[in-house]
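Trainee: Could you walk me through this one? I'd like to talk about strands and empty space.
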Amino acid sequence: MNPSILKRLRCRGAIGITMLVAVLTVPHVSAAPACGFDEPIVDPQGAPTPFPGTRWTYSIGASRPELTLQLQTVEPQQLALSIDGEAVRHEWRETYADVNPLRKGEKILLRFPLFVGAQWQDRFEEPGEIRASFGSYRYDYVEESSSRVVAVETVRTALGDVNAYRIERDARWHKSNPRSDDMKRMRLDGSGAVNGMERSISWYAPSVGRVVLRRSIKANPNHLSYPTAETDSPHLMVTELVGFQRPDGCRVEAAPTQARVPDDLPPLHYPLMLNNRWEFLLIRHQHVPAVSVDR
C-alpha cells in the first residue's frame, strides 16, 4: 500500500464504521459471475488491465474509516484512480508507484512481469511536506529499497481465500533539512536528520489487480534488533482489502479480519517522549510527498 493512501486511512474520522461492521459480518459475494479469487497463478504475470469503474476498498481496522479507490481511466503507461470520489491519484502501471514529477530516481513497489524469484532494487529522492494543526513543514526524503517475490500463496483475507504473490520489501529512508515558514511559535533544535527502515510483506492478487493484504513495521535501523512483519506487534500495521467490485457484476464486501493500525507509538527503538527537536517530528510523521516546489 502506498504512503499517501495510508495517510488518508489514518487521518479521517470513524463515522459509520460501527454500523458497517454490524452489517458486513460475513463476505457477500455476487452469484454470477464468479470473482475467481482462487484461480491458479501461472508465471509470469504482466501488469493488469482492469476495466474503468473497478473499485477496491481498503481497511486498517474496524474502528477506522475505509478508503475506496475507483478506476477512472487506463492509459498505456498510467492509471487514474479517484480516492473516495474526490482527489485523483495517477500511478505507473508497471511499478504500482504514484506519479510524482518532483521525484528523482524511480520508486518501484511492484515490477511487472511478476514471477516467483523476481528481485529488484529502487532508489529515489523527493521533497516531503507535513501539514498539521501546529503548522506545516517540508523536508528532503531519500529511500532505497530491495524487493523479492518469494512465493505464490493462498492468503486468508476478509474476502475469503485469495491466490497471490508474496512480495517482501526492505526499505531504508533518510529525512533531512526540515524547514518551515509558519511554525514561528515552535522553537525546534537538533540536527534535523533521521534514518529509518520499514519491512513489509504484500500479497498481490492478479485476479484483483492490486495488493489484497499488506503487513508493515517501521523501526530504527541503527538498533541491534531488527523487526519483522511476520509476527504481531503493537507497532505492526495491516492493510486489508475488504471490498472489490468489477463492472461485469463481481462484487464482494466484508468486515476486516486482519486489518489493524499501530498503537499510538513511534517506530520501534526511537524516543517515546515529546521533545523540542526536529528529529522527534521527522520520526513521528509518516512520509508524505510534497505536491509543489518550495515557495
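Mentor: Before we start on the strands, a definition: two strands pair if DSSP finds at least two bridges between them. Keep in mind, too, that this is a predicted model.

Trainee: OK, so which residue in β13 is the bridge partner of Gly243?
Mentor: That is Glu253, and the pairing of β12 with strand β13, residues 251-253, is antiparallel and runs over 3 bridges.

Trainee: And how many residues lie between β12 and β13 in the hairpin?
Mentor: There are 5 residues between the two strands of that hairpin, and Gly249, which sits in the turn, has a positive phi of about 115 degrees.

Trainee: What other strands pair with β12?
Mentor: Strand β2, residues 55-59, pairs with β12 in the antiparallel sense over 5 bridges, with Arg55 bridged to Gln245 of β12. Strand β11, residues 210-219, is also antiparallel to β12, over 4 bridges, and there Arg214 has Thr239 of β12 as its bridge partner.

Trainee: Is β12 mostly covered or mostly open?
Mentor: Strand β12, residues 237-245, is mostly covered, since 8 of its 9 residues are buried.

Trainee: Switching topic, how many cavities of 30 Å³ or more are there?
Mentor: The structure holds 1 such cavity, and the volume of the largest cavity is about 70 Å³.

Trainee: What lines the largest cavity?
Mentor: Its lining includes Trp56, Trp92, Tyr96 and Phe112, together with Glu91, Arg93 and Arg210. By residue class, the lining divides into 8 nonpolar, 1 polar and 3 charged residues.

Definitions and conventions: Residues are numbered from 1 along each chain as its sequence is written. This is a predicted model: local features need pLDDT of at least 70, side-chain atom pairs count only at pLDDT 80 or more; totals for chains, interfaces and linings use all residues. Side-chain values use heavy atoms; hydrogens and water are left out. On a 1 Å grid over the protein atoms alone, a cavity is a set of points where a 1.4 Å probe fits but cannot get out, and a pocket is an open set with protein on both sides within 12 Å along at least five of seven lines; lining residues have an atom within 4 Å of a point. Grid points are joined across faces, edges and corners, and a volume is the space filled by probe spheres set on the points. Ala, Val, Leu, Ile, Met, Phe, Trp, Tyr, Cys and Pro count as nonpolar, Asp, Glu, Lys and Arg as charged, and the others, Gly among them, as polar. Buried means under 20% relative accessible area, exposed over 50%, partly exposed in between (1.4 Å probe, protein chains only).
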